[in-house]
Structures are given as structure tokens and as C-alpha cells.
Amino acid sequence: MVTQDYDLQLLLDILGVFVFALSGGLVAVRKGLDLVGVVVLAWVAGLGGGMIRDVLLGDTPPDGLTDWRLLAPAAVAGLAIFLWYRRLRSVIPLRAHVRAKLIGRSVRVLDAGGLALFAVSGSLKALQFDSSALAAVILGVITATGGGALRDVLAGQVPEVLRRELYAVPALIGATLVVVADSFGFLTPLLIWGAVALVFAIRLAAVALDLNAPTALRTTGERR
Amino acid sequence: MVTQDYDLQLLLDILGVFVFALSGGLVAVRKGLDLVGVVVLAWVAGLGGGMIRDVLLGDTPPDGLTDWRLLAPAAVAGLAIFLWYRRLRSVIPLRAHVRAKLIGRSVRVLDAGGLALFAVSGSLKALQFDSSALAAVILGVITATGGGALRDVLAGQVPEVLRRELYAVPALIGATLVVVADSFGFLTPLLIWGAVALVFAIRLAAVALDLNAPTALRTTGERR
Amino acid sequence: MVTQDYDLQLLLDILGVFVFALSGGLVAVRKGLDLVGVVVLAWVAGLGGGMIRDVLLGDTPPDGLTDWRLLAPAAVAGLAIFLWYRRLRSVIPLRAHVRAKLIGRSVRVLDAGGLALFAVSGSLKALQFDSSALAAVILGVITATGGGALRDVLAGQVPEVLRRELYAVPALIGATLVVVADSFGFLTPLLIWGAVALVFAIRLAAVALDLNAPTALRTTGERR
């Protein structure tokens, strides 16, 4: 059943690479990096999570190095952000803080999309490699959060997975849903896309409503 | 001889995961991270070193993904820190700087325990995989310092292995002791626990006496 | 043809490890790290890129763990920087900002040498493992930039690959040259050393002329 979904998994991966790479490019633009920095950070954000997953599964060399269907979307996303941002800036002059806010919000929406797609595709791939249910769930979460974490560490900021509202939790829910469905034989394309939509919706709701997991300090907001 | 110690190595790993995960949880609490951040950082600190070791040895998927006997202590440690810190804070109100100092000291003692356990278990596992003596020593040091380094990089601070007093050196001594004992056929459980105790003692002495390796600048203390 | 160049590739690796390790040691000295920190950062900078390459290729354990011909140059470089810097400092008293500038410039020249050597050796090794042309080029760039990126992330600064003038681009050119030459059967030692020299020259020119890739913000200079 899982093997029939090979094309579906590739599609999830391509979409995930593309939106994560867009988020990486935007973070790079916000940091004032040059064209190469934008493309490199787009590449890291888009392909990093999947490469960590493949190395942990022992599936080397990882697809992110060898498959142009994954490499191309990452490069296109980096270039698109670079060109689009330059043009947009000259057409619509915004105040610096408004622009920073818009970019920040865009990064988080794109990131939510990548999180949803990779949580599902990560656990699917782990199941194909006969991982245990536990390992498949954890690999789904690592795939979903790894690329963003690498992006943030390289850009010199604390990773979203550590400091933001509910971030790893939606990925955990999505990966668990896939693994449970698989063990009961209900892993249909509909369920897979449903899991993606669910993760995306929970994460967006967390961003929009500023839902935070409880902190030990009973305070909220950004702190370093 | 080494193979007989399989259960012993698992025990070392479980204890190491637990104390490193406690240190990760405390660092997260100090940074004001939420529940998920505390659990994630506990997981990274507890399982990161062993996963790096397993990937370098080619033993994929790493035990930290598949073995619930390692995953459970990491999760328990993260939850325990979260709940304990909250309660302790309402029972014993301390001034902020006293509390910060206490946490910092606890992190370093726990970290010393994890360092000792992982230096020994890392080199033991490398020997089981027929690594050369040199590689086994280096893998011991990487296993011992890797989880803490990942924890610190994700939390946005320079890793202890780079900025603190004697930190990598005790791990190096412990791993060397294990490898030398193995080559002479003296690798008994007693020697293994002795090596753990030795690394722990040296590291604690370094913390307590503020022993620093010499610097090229002839200055000491924290600097970034 | 490639297999005949095995000794050549080892030579490229040894030289690359040595100059990258020197750069790592200098960054550590500049950060005021102690002897262990200097040696650790030299080790990470010198061997990190090659170890990432080997893990991605599935060639575990990586040569950087097992081959003393790579480990020794990294250790020697770290010790040399430590001793040399101390002595130099007492012989030639320079003002702090002049010294900082000198170190910064030395780091970048050494880094350029390592970049050139590893871009070529990384793609050569990938070709030996029958990687596709695309994967060989990307692995060359990862090998060339990985060690420096690890060095910078551990030392708490944004990696050169993201924030400096043309950095990844020369590595990309060198790796592409090697892969194209291989596919046409022209991969002679002369061409290999020519590729190293070309990457080094482009990178040095970029440093000297302060050549930057375009930024989306139309501004230049250092920013974080």
C-alpha cells in the first residue's frame, strides 16, 4: 500500500522543498544576505530536513543531493525570492518595520506549509524503510523541523522549534496519524492529504491565535 | 569480552541520556522556552551525542530513534524538569540571579555526569564495531561532547566544549583508558565504572577549582 | 583515470585539512578560547567538511576519524596556532584593532586555500563513488564550505558562506570544472591543480576587491 504512494511522496517532497526554500530565502533577505546567501539558505531550508532524514535512515547519498526534481525547486525558490523582493521593494515602498513584519508573517505561513508536508512525507519514507512505528513518528518530526532548524542556526537565530508557539506538536500529530493509519491499513491518498491539511491548519491557528505551550516561567512572548 | 558487556553499555547509555536530557531541559528553562522547547532540548541533549556516534559508525537508524529504552528517559527528564521547576519556583522564591546561578551549577554537574558516561559508552560501542584504537578514542570524545554542543548551538550559546575549563580533556582521558584497557584485555566492568568515575571526578574538580586550560591571551573568564 | 589519482586526492585532503585547521585555530584565538578550544575548533574546521561529505556518501566511518594522516595535520595546526600566537604576541606588541584585522585577514586567506583544495577533492571523491555529475558538484561545494560553516556556527558567528562576498561561487566553479573534465576524460593532475589554483585566485580576488554578489537590499558590508 505504501509503495503505491511513491509518486505521492515525491509530490509531497517537491512541494515541501519549495515552500521551505521560499522561507529560507526570505530569512536570508531579511538578514541582508547577498544572492548566494539567499540561494544557499533556500537550499539548506528546503533540502536540509530530508537529508537529515535520509542520513538517519542510512539511505545515502540522500535524495536531496542526487534528484534534480528536488534540487530544482530549491534553486528556483531562492532565485524567485531574490528577484521578487528587489522588484517589489521598488514598486511598493513600505516602511522598514511594516516590511519586516510582512516578511516575518510570510516566513511563518510558508514554514507551516513545509512543516505539514514534511511531517507526512518523513514518516511515509520511514515506513517504506520498515522503521518501527515509534521511529517513523520521530523521523516525521525530525524531517519537518530539521530544515527550519538548520536555516535558523545558520542565520544566527534560535530555531522556531524551540522558541515559537505550538510548532513541533502539529508535526507530531500529523506523523502519528500517518503511522496509525498505516498500521490499520487505512493509508489512502485522501488520508495523507488530510493529514497535511490538519498539520497546516493547527500550525496556522497557533500562529494566528498566538497559542503557546505552557512555559515554566508563566510568561509568554519572545525572549532570549 | 566486550560483547559480554552489552547490558552494561545499555545501562551507561540510559544513564547518560537521562542526565544529559536533564541538563538540556534546564538550559531550556533558563532560556524561558515553553514545554515543547524544554522537551525538544532535553531530547537533543540526551540523544544527540549517541546519534552522531551511530551515524559516523554507519549504524543506522541510530538507537536514539528506535530504542524506547533510550527515548523514554529523555522524555521523562524533559517533563520532570518542566514540572519540577514550576513547582519549586512557587515553593521557594529565590532572587533571579541566585536562581540563575543555581541552575547554571546544576547544568554543569549533570553535564559532567553525561560526559563521563558517554565518553566510556562511546568508545565501547566503537570497539564493538571494530574501529581502530584512534577512532574509538575520538568517537568517545565526540559522543561525550556532541549532545551538549548541539544543545548549546540550538539554544544560541557557544558550546561548553569550546569555552569552559577542562571539558574535552577528561572525556579524552576516559575514552583512552577504555581503549587501552581493551587492547590489553583488562576491560572489566570494574574498570569501566572506574573510568566513568574518573572522568566525572576530573570534570567536577575542573568546575569546582575553576581549572582552565591555558589561553593564548593569558586571560581567563567568560568571553564572547 | 580517477582511481590513479588516489594519492593526489589524499594530498589535496591533507593540505586542505591543514589550512582549514589553521583558520579554525585562529578564529578560536580571536574568540579568546583556551588551548582545548583552539584544538577542537581547528579539528572541526579541518575535518568537518570531509566528514559531512563521507556521511552523505555513506562512506562510514569517515576518513577524518580513522586516518591519522588527516588527524595529525589538524592537531598540529591547532597547536601551532596556539604556540605561535602566544610567542608572536610577546615579541611584536600590536594594538588590539590592528591585531584583530591581521587575524581576520589571515583567516580569510587560509580559508580560501581550504575552499579551493576541498572543492576539488570533494568532487573527486564523489566521482570515485560513482555519484552523478550533479551530486559530485554539490558534494564538492558542501565539502568546501561545510567545515568552515561548522567552525563559524560553533564559534557563534554567521558562516562566511552566507555573509561574505563570492564564497560558494568559486567552489561551485572548481567542482564543476573537475566534473566536466572527468566526463570528457581530461582529468589530469595538471587540470586538478589548475582547478585548485583557479578557485583560490577567484576567492582571493573577491576578498581583495571586496566583490559582493548582489543583494536584494542594494547595500553592502557586514550586517547581522
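The legends below accompany close-up views of a predicted model.

**Figure 1. Chain A and its copies, related by rotation.**
Let's start with how the chains are arranged. A rotation of 120° superposes chain A on chain C, with 0.0 Å of shift along the axis and an RMSD of 0.0 Å. That is how a three-fold axis relates copies. Chain A goes onto chain B in a comparable way, by a rotation of 120° with 0.0 Å of shift and an RMSD of 0.0 Å. Do the copies meet through the same or different surfaces? Only 7% of the interface residues of chain A are also interface residues in chain C, so the surfaces are different. For chain B the figure is likewise only 7% of the interface residues of chain A, so here too the copies meet through different surfaces.

**Figure 2. The side of chain A that touches chain B.**
Here 27 residues of chain A are in contact with 28 residues of chain B. About 2400 Å² is buried between chain A and chain B, and carbon and sulfur atoms give 69% of that area. Which helices of chain A give two or more residues to this side? They are H2 (35-57), H6 (133-154), H7 (160-163) and H8 (168-183). H6(A) supplies the largest share, six residues. By class, the residues on this side of chain A are 19 nonpolar, two polar and six charged. If you are looking for salt bridges across the interface of chain A and chain B, the rule finds zero. Residue pairs in polar contact across the interface of chain A and chain B also number zero, counting pairs with both residues at pLDDT 80 or more.

**Figure 3. The side of chain A that touches chain C.**
Turning to the other partner, 28 residues of chain A are in contact with 27 residues of chain C. Chain A and chain C bury about 2400 Å² between them, with 70% of it on carbon and sulfur atoms. Which residues of chain A lose the most area to chain C? A:Asp34, A:Leu65 and A:Arg86 do, and together they account for 24% of what that side buries. The elements giving two or more residues to this side of chain A are H2, H3 (63-66), H4 (68-91) and H6. The largest share, eight residues, comes from H2(A). This side of chain A has 19 nonpolar, five polar and four charged residues. Between chain A and chain C the count of salt bridges is zero. The count of residue pairs in polar contact between chain A and chain C, both at pLDDT 80 or more, is zero as well.

**Figure 4. A salt bridge between A:Arg151 and A:Asp111.**
This view moves inside one chain. The closest N and O atoms of A:Arg151 and A:Asp111 are 2.7 Å apart. How many residues separate the two partners along the chain? They are 40 residues apart, and the pair links distant parts of the chain: A:Arg151 is in helix H6 and A:Asp111 is in helix H5 (residues 96-128). Side chains of opposite charge can pair when their charged atoms come close. Over all chains, the count comes to 24 salt bridges.

**Figure 5. Backbone details in two loops of chain A, with a counterpart in chain B.**
A cis peptide bond joins A:Thr60 and A:Pro61, with omega about -10°. A:Pro61 is found in the loop between H2 and H3 of chain A. In chain B, a cis peptide bond joins B:Thr60 and B:Pro61, again with omega about -10°. B:Pro61 lies in the loop between helix H2 (35-57) and helix H3 (63-66) of chain B. Another spot to look at is A:Asp130, which has a positive phi of about 60° although it is not a glycine. A:Asp130 lies in the loop between H5 and H6 of chain A. For context, most residues other than glycine have a negative phi, and most peptide bonds are trans.

**Figure 6. UniProt annotations placed on chain A.**
The unreviewed UniProt entry annotates "transmembrane region" at residues 6-28, 35-56, 68-85, 106-127, 133-154, 166-184 and 190-209 of chain A. Among them, residues 106-127 of chain A are 100% helix and 0% strand, with end C-alpha atoms 32 Å apart. Residues 190-209 of chain A are also 100% helix and 0% strand, and their end C-alpha atoms lie 28 Å apart. The unreviewed entry in UniProt also places "domain: Glycine transporter" at residues 11-85 and 109-181 of chain A. Residues 11-85 of chain A are 87% helix and 0% strand, and the end C-alpha atoms of this span lie 27 Å apart.

Technical notes
Residues are numbered from 1 along each chain as its sequence is written. Chains are lettered from A and ligands numbered from 1 in the order in which they are written. Side-chain values use heavy atoms; hydrogens and water are left out. Copies are superposed by least squares on the C-alpha atoms of residues with pLDDT of at least 70 in both. Contact means heavy atoms within 4.5 Å. Buried area is the accessible area (1.4 Å probe) that two parts lose on being put together, summed over both. A salt bridge is a side-chain nitrogen of Lys or Arg within 4 Å of a carboxyl oxygen of Asp or Glu. A polar contact is a pair of N or O atoms within 3.5 Å; within protein, one must be able to donate a hydrogen and the other to accept it, and residues adjacent in sequence count only if both atoms are side-chain atoms. Helices (H or I, at least four residues) and strands (E, at least two) are DSSP runs, numbered from the N terminus. Ala, Val, Leu, Ile, Met, Phe, Trp, Tyr, Cys and Pro count as nonpolar, Asp, Glu, Lys and Arg as charged, and the others, Gly among them, as polar. UniProt positions are given in the numbering used here, feature names are shortened, and annotations may be inferred rather than shown by experiment.
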